[in-house]
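Hi,

Here is the model I promised to pass on. Have a look at it first, and my notes follow underneath.

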Number of protein chains: 2
Amino acid sequence: MAAKANPVPSVWAREQSAPDQPALSRAAIVREAVVMLDADGIEALSMRKLGARLNAGATSLYRHVATKDELMELAVDEVAAEITVPPAGSPWRAAAAEAAESFRATALRHPWLSSTLGQAGLAYLGPNLMSYSERLAALFTAAGFPEPSRAIDTLLSYVIGMSTTEAAWLTTVARSGETEAGFIARLMPAAQQAASGHDHLAEAYADAATRVAVDPVTVRDAKFAYGLEVVLDGLEMRLPR
Amino acid sequence: MAAKANPVPSVWAREQSAPDQPALSRAAIVREAVVMLDADGIEALSMRKLGARLNAGATSLYRHVATKDELMELAVDEVAAEITVPPAGSPWRAAAAEAAESFRATALRHPWLSSTLGQAGLAYLGPNLMSYSERLAALFTAAGFPEPSRAIDTLLSYVIGMSTTEAAWLTTVARSGETEAGFIARLMPAAQQAASGHDHLAEAYADAATRVAVDPVTVRDAKFAYGLEVVLDGLEMRLPR
DNA sequence: CCTTCGATGCGAACACTGTACGCAGCTGCG
DNA sequence: CGCAGCTGCGTACAGTGTTCGCATCGAAGG
């Protein structure tokens, strides 16, 4: 490995020159990548297809983006701008809930976000992610948390975990071409059979099946809300009284 | 490649099936896949390399496994057997904490587990995962939770979210070839620069840097434990008294 | 004993992937 | 005008998952 002056070369250090928009630019590439990711999922994005979508050759993209991983990091930061956090000083609990719900909404709008972010650890340092973290830190500090970063990590872990599995589920459903309720109905026999011999599990599946048949979206919303309240209750206990 | 094109076929030259290794079987394939995943990470596992490791051609594996995705599902279920859950009726809170910690330990032992599981949604129905869910359901039901599956989903979301980012972090560190503290020290300048202008963030980074320089493992353990207590506190409030 | 048959291993091939390299053409500056 | 550097891209390489048809082989059936 070549030793380098800058210890950790970051995408964000290199600034893009021309802010105008000729056909091919980093901004245009990232924007189109997000469109493709949203439409066809993470494994449908290839440099060649992305290039074709931009009326460019595959290898032309490498003039503006060092590698595909870097492109993914840029795409994550692009959509991270959509996550909102109420200003510091807002009533804490409602504000935290709002931030969490905004994260979930963004993650469901871009189903590749959660898993990509989760697999990145803390290595993504894009400006939008940084400003997002900063706003969260400001909110929790103003609320009076003695260890705001701990509280934030807890909330984010819950939100990321729930959003990742939810997004994965929705992706699977979408790929099946069926409606969510229909897909569940088709999956049910296999699930029931796998659960045979496991009493609690079988019962839970049966319950879920009847409830979900009514309105899967509401069920998922309620599930997320339940866990969110649990975490917020736990956090509130850490606030100095 | 240098397959011995033996010019003089002889009964004696032909090596006999050695008993040293079991023939190709689904179990052997999955076992070796887990070994490779643990050693070199998820993107280093290819059907060809796995076949070579088993003294078999790449395509031979397809006699026992339908697809690589199916192989991953089998691998997940294989290591899922390592996660322990205390028997139903154990003191609830300690038992739940124990189950969560066992999950985390398994996820860190097999850093590909969390992300693979998260991306699968609820589609994995292997026997070990089912029995794991069943034991959790039994534990939470016995504890008296009115909606055990909700409580379980909450706890699991937190644990999966935290473990995924932690495993990703450790993978990144391992790939750098440095010690964890050393990697952090090298990453710090970039992080500080990215955080410039974000006051709370910069302070949080500075705090983390000094604390982590002492012992990163303890810091991560404490971080997980904090969030776990938060979630358990929130859950305990849902228990009828 | 010989024959048949299903299961198993595998070499070759296909359609992809990410990316390095070197050559062309354009643009803007001296 | 000349030239330097930026931009696009065709080609190529080393891989990937997976399909297909052929060879082998152990056991079962006559």
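What is the mean pLDDT of chain A, and what share of its residues reach 70 or more? The mean is 91, and 92% of the residues get to 70 or more, pLDDT being the predictor's confidence in each residue, from 0 to 100. Two stretches of chain A drop out of that picture. Residues 1-6 have pLDDT below 50, and beyond near neighbours in sequence they have 1 contact in the model; a contact here is heavy atoms within 4.5 Å. Residues 17-21 of chain A also stay under 50, with 0 contacts beyond four places in sequence.

Some housekeeping before the rest. This is a predicted model, where local features need pLDDT of at least 70 and side-chain atom pairs count only at pLDDT 80 or more, while totals for chains, interfaces and linings use all residues. Residues are numbered from 1 along each chain as its sequence is written, chains are lettered from A and ligands numbered from 1 in the order in which they are written, and side-chain values use heavy atoms, with hydrogens and water left out.

On to the fold. Chain A has 10 helices and 0 strands, where helices (H or I, at least four residues) and strands (E, at least two) are DSSP runs numbered from the N terminus. The C-alpha trace of chain A spans about 60 × 50 × 35 Å along its principal axes. Of its 241 residues, 47% count as buried; buried means under 20% relative accessible area, exposed over 50%, and partly exposed in between (1.4 Å probe, protein chains only). Among the contacts in chain A with a separation of 6 or more, 68% link residues 24 or more positions apart.

Now the pair of protein chains. A turn of 180 degrees with a shift of 0.0 Å along the axis lays chain B on chain A with an RMSD of 0.1 Å, after least-squares superposition on the C-alpha atoms of residues with pLDDT of at least 70 in both. The two copies are therefore related as by a two-fold rotation axis. Both use the same surface, since 94% of the contact residues of chain B recur in chain A.

For one residue that touches the other chain, try Arg150(B). It sits in helix α7 (residues 148-176) of chain B and is buried, at 14% relative accessible area. Leaving aside neighbours within four places in sequence, Arg150(B) is in contact with Arg211(A), Val219(A), Ala222(A), Lys223(A) and Tyr226(A).

Then there is the DNA. Strand C is surrounded by 18 residues, and the closest are Arg48(A), Tyr62(A), Thr67(A), Arg63(B) and His64(B); a residue is near a strand if one of its heavy atoms lies within 4 Å of it. Sugar and phosphate make up 40% of the atoms of strand C that come within 4 Å of the protein. The element that gives the most to this surface is α2(A), with 3 residues. By class, the surface near strand C has 5 nonpolar, 7 polar and 6 charged residues (Ala, Val, Leu, Ile, Met, Phe, Trp, Tyr, Cys and Pro count as nonpolar, Asp, Glu, Lys and Arg as charged, and the others, Gly among them, as polar).

Which side chains have an N or O atom by a base oxygen of strand C? Arg63(A) does, at 3.3 Å, and so does Thr59(B), at 2.9 Å. Ser60(B) has a side-chain N or O atom 2.9 Å from a phosphate oxygen of strand C.

Strand D also has 18 residues around it, the closest being Arg63(A), His64(A), Arg48(B), Tyr62(B) and Thr67(B). Here 37% of the strand atoms within 4 Å of the protein belong to sugar or phosphate, and the rest to bases. The largest share of this surface, 3 residues, comes from α2(B). Phosphate oxygens of strand D lie 3.3 Å from a side-chain N or O atom of His64(A) and 2.8 Å from one of Tyr62(B). A polar side-chain atom of Arg63(B) is 3.5 Å from a base oxygen of strand D.

One last backbone detail: Asn55(A) has a positive phi of about 55 degrees although it is not a glycine. Asn55(A) lies in the loop between α2 (47-53) and α3 (68-80) of chain A and is exposed, at 77% relative accessible area. Asn55(B) also has a positive phi, near 55 degrees, and counts as exposed at 60%.

Cheers

Notes
A polar contact is a pair of N or O atoms within 3.5 Å; within protein, one must be able to donate a hydrogen and the other to accept it, and residues adjacent in sequence count only if both atoms are side-chain atoms.
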